[in-house]
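Work through the exercises below with the sequence and the 3D view open. Each task is followed by a solution in steps.

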Amino acid sequence: FTDTSIVKRAAKALAQSAEEMQTVIDTSQTGIFLFSPIHNDRGEVIDFRFRVANRMLAAYVGQEPHAVVGELGSRWFPGYKTNGLFDSYLK
């Protein structure tokens, strides 16, 4: 027999922490998002893809969070490549 109670408690605690973090993100009065870089064939970052977007960020572009997640930053914020934000995200 193997005692899996420690693993099960850890998994439950992790799931609870994830739910709490999602609640914080969703109830924030500020737009919150997480980007992943998109690279070209030469390895250069050419855009970013939304991995997480809360309701406030999505509302800013007139969408629900599920419509923003998975999309390119340039789709919802086309000027971010020329107004300095893109360069800030690269750093």
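**Exercise 1. The strand pair**

How many bridges join strand β1 to strand β2, and do the strands run parallel or antiparallel?

Solution. The model is a predicted one. Start by locating the strands: β1 covers residues 33-39 and β2 covers residues 45-53. Between them there are 7 bridges, and the direction is antiparallel. For the register, take Ser36, which stands opposite Arg49 in β2. Next, look at the connection: the two strands form a hairpin with 5 residues between them. In that turn, Gly43 has a positive phi of about 85 degrees.

**Exercise 2. The order of elements**

State how many helices and strands the chain has, and give their pattern along the sequence.

Solution. Count the elements to get 5 helices and 2 strands. Then read along the sequence, which gives α-β-β-α-α-α-α.

**Exercise 3. Classifying Glu44**

Is Glu44 buried, partly exposed or exposed?

Solution. Place the residue before classifying it: Glu44 lies in the loop between β1 and β2. Its relative accessibility is 37%. Buried requires under 20% and exposed requires over 50%, so Glu44 counts as partly exposed at 37%. Now list its contacts, leaving out residues up to four places away in sequence: Glu44 touches Ile38 and His39. As a distance check, Glu44 and Met21 are 23 residues apart in sequence and 32 Å apart in space, C-alpha to C-alpha.

**Exercise 4. Two further loop residues**

Determine whether Gln29 is buried or exposed, and do likewise for Tyr80.

Solution. Gln29 is found in the loop between α1 (5-27) and β1. Its relative accessible area is 65%, so Gln29 is exposed. From Gln29 to Asn54 the C-alpha distance is 9.6 Å, with their positions 25 residues apart in sequence.

Tyr80 is in the loop between α4 (73-76) and α5 (85-90). With a relative accessible area of 3%, Tyr80 is buried. Its contacts, again without residues up to four places away in sequence, include Phe35, Asp47 and Phe48. Gly73, Ser74, Leu85, Phe86 and Tyr89 are also among them. Finally, Tyr80 and Asp3 are 77 residues apart in sequence and 52 Å apart in space, C-alpha to C-alpha.

**Exercise 5. The chain as a whole**

What radius of gyration does the chain have, and what value would a compact globule of 91 residues have?

Solution. The chain has 18 Å, whereas a compact globule of 91 residues would be near 12 Å. Add the extents: along its principal axes the C-alpha trace spans about 60 × 35 × 20 Å. Then take burial, where buried residues make up 20% of the 91 residues. Of the contacts with a separation of 6 or more, 34% come from residues 24 or more positions apart. The accessible surface comes to about 6800 Å², and carbon and sulfur atoms hold 57% of that surface.

**Exercise 6. Charges**

How many positive and how many negative side chains does the chain have?

Solution. Count each set to find 10 positive and 10 negative side chains. Then compare the centres of the two sets, which lie 2 Å apart.

Terms used
Residues are numbered from 1 along each chain as its sequence is written. This is a predicted model: local features need pLDDT of at least 70, side-chain atom pairs count only at pLDDT 80 or more; totals for chains, interfaces and linings use all residues. Side-chain values use heavy atoms; hydrogens and water are left out. Two strands pair if DSSP finds at least two bridges between them. Helices (H or I, at least four residues) and strands (E, at least two) are DSSP runs, numbered from the N terminus. The radius of gyration is taken over C-alpha atoms; the globule rule is 2.2 Å times the number of residues to the power 0.38. Buried means under 20% relative accessible area, exposed over 50%, partly exposed in between (1.4 Å probe, protein chains only). Contact means heavy atoms within 4.5 Å. Accessible areas come from the Shrake-Rupley method with a 1.4 Å probe; for residues, only the protein chains shown count as cover. Lys and Arg count as positive and Asp and Glu as negative; His and the chain ends are not counted. The place of a charge is taken as NZ of Lys, CZ of Arg, CG of Asp or CD of Glu.
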